[in-house]
Amino acid sequence: MFLTFISLLLFICLTIVVVRNRRKTKEANKLLELKNADISQKAEQLRTTNEKLLGLSEFKDAMNSFLVHDLKNPLNTIINMDSRQNPAGYIAIVKKAGKQLLNLVMNILDISKYESNKLKISPKANSISEIINEAYSEIGFLAEQKSIIFKSNLVSDFVVNVDAAMIERVFINLFSNAIKFSKPGYSIQVFAGCVDTSTLKIIVKDNGEGIPQQYLSSVFDKFTQVRAKQSGFTPSSGIGLAFCKMTVEAHSGEIGVDSVVGEGTSFWFTLPIASETENQIKINPPAFIENAEPSMKTALVADETNLLTPYCDRLKKLSIYQISDVKDVVNSIDCTQSENIKAWKTSLLKALSDCNEIKYQELINVGVN
């Protein structure tokens, strides 16, 4: 009986030890599962954070690329112009290119001010025609480089209660955008009309490539166009359109866009009219200069085209920014026997001086039908 009692006691103790060990094992397993779950969660968070950082890094690189792209054109214009050919014209173009750079910088600074509620505007009565004409004078040379025609559809002028300098930059951004996405020889039109006695609506319409439907709802968001470019859409930072939205809304207006891919885009916005009695005044509406230089392809005859072809083949291997090499090729062409070739050579050197790559490419492709 004693041995039986001892055996039973030992069995009970052993059972208690086994149960406790199993309980501790289960608790340890649960703790281990919790730790594994926590590790997995943190690993997922790290993976998500890493993906975001990689995305931000790619976005930053793309943003830098587009900002450099936006800065490159006016800088190339300044650096590669030959001031000896036309000193007065050189100074004017350098000033305009400098204003392009300043406009981009001011867009970035003003967007930052707006987001931190530090942007201030000074609205007063201004002629919308005068604002449009001032804006066009700043970017008109860009239209000339692509032989783009600006057309005004304003039959009368309007007095709006706005900060003229800010609204002028809205037009500069919209005009520049329209020029960028319009083909050479196309037109850009400006419309304006009263929505009611206190609101004016302005439309800037181009016949460019258009904006895909999926980007229309976010086209005014800062850097949206960078993300769109990563999907194969547009070569721009999108800062200009973000500035336009910010400025129009600061004037208690609305801004929007309508577009069809392949048919063009219409950007529209509203502004407050200064007063009911002075909403129309007798000032001439915007009068844009229509620049459409005739193509040299129609001026050259077959023999002249054949003569220029080997030189053009050499020029096609050079960039417009390789000015010295291009001039060496052009100056080696004998134009004493042909007025057409002489005119072609003069036009090519002017395109080179103006950094007008559109015209330059047209001229060196004289043999292309």
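Is Glu44 buried, partly exposed or exposed, and what is the relative accessible area of this residue? In this predicted model, Glu44 is partly exposed, because the relative accessible area is 38%, which falls between the 20% and 50% cut-offs. The side chain of Glu44 is also engaged in a salt bridge with Arg47, with an N to O distance of 2.3 Å. Both residues belong to helix 1, and because they are 3 residues apart there, about one helical turn separates Arg47 from Glu44. Arg47 is likewise assigned to the partly exposed class, with 39% relative accessibility.

Before going further into the side chains, a word on confidence is helpful. The mean pLDDT of the protein is 75, and 69% of its residues reach 70 or more. Strand 7 (residues 264–272) has the highest confidence, with a mean of 93, whereas helix 6 (residues 224–230) has the lowest, with a mean of 47. Two stretches deserve some caution. Over residues 226–237 the pLDDT stays under 50, and the model has 39 contacts beyond four places in sequence for this stretch. The pLDDT also stays under 50 over residues 277–283, for which 14 such contacts are found. Where pLDDT is low, the predicted coordinates should not be read in detail.

Returning to the charged side chains, the count of salt bridges comes to 4. Side chains of opposite charge can pair when their charged atoms come close. Besides the pair already described, one of them joins Asp38 to Lys42, at 3.4 Å from N to O. Asp38 and Lys42 lie 4 residues apart in helix 1, so they are separated by about one helical turn. Asp38 is partly exposed at 34% relative accessibility, and Lys42 is partly exposed at 46%. Another salt bridge is formed by Lys316 and Asp313, whose closest N and O atoms are 4.0 Å apart. Here too the partners are partly exposed, Lys316 with a relative accessible area of 41% and Asp313 with one of 39%.

Helix 1, which spans residues 2–80, also contains Leu8. Together with Phe11, Ile12 and Ile16, Leu8 makes a nonpolar surface patch of about 390 Å². Leu8 counts as partly exposed because its relative accessibility is 49%, under the 50% above which a residue is called exposed.

The aromatic residues offer another view of the fold. The structure holds 5 aromatic pairs. Among them is the pair of Phe171 and Phe269, whose ring centres are 5.4 Å apart; the planes meet at 65°, so the pair is edge-to-face. This pair links distant parts of the chain, with Phe171 in helix 4 (residues 164–180) and Phe269 in strand 7, 98 residues apart. Phe171 and Phe269 are both buried. A further edge-to-face pair is made by Phe220 and Phe267, with 5.9 Å from centre to centre and 80° between the planes. Distant parts of the chain are linked here as well: Phe220 sits in the loop between helix 5 (213–216) and helix 6, Phe267 lies in strand 7, and 47 residues separate them. Phe220 and Phe267 are buried. Finally, Phe171 and Phe269 belong to one aromatic cluster that also includes Tyr136, Phe150 and Phe175.

How values were computed
Residues numbered from 1 in each chain as written. Heavy atoms only, no water. pLDDT = per-residue confidence, 0-100. Helix = DSSP H or I, 4+ residues; strand = E, 2+ residues; numbered from the N terminus. Contact = heavy atoms within 4.5 Å. Patch = residues over 30% accessible without salt bridge, like charges linked within 9 Å, V, L, I, M, F, W, Y side chains within 5 Å. Areas by Shrake-Rupley, 256 points an atom, 1.4 Å probe, with all protein chains shown as cover. Buried < 20%, exposed > 50% of the residue type's maximum accessible area, 1.4 Å probe, protein only. Phe/Tyr/Trp six-rings, centres within 6.5 Å; stacked < 30°, edge-to-face > 60°.
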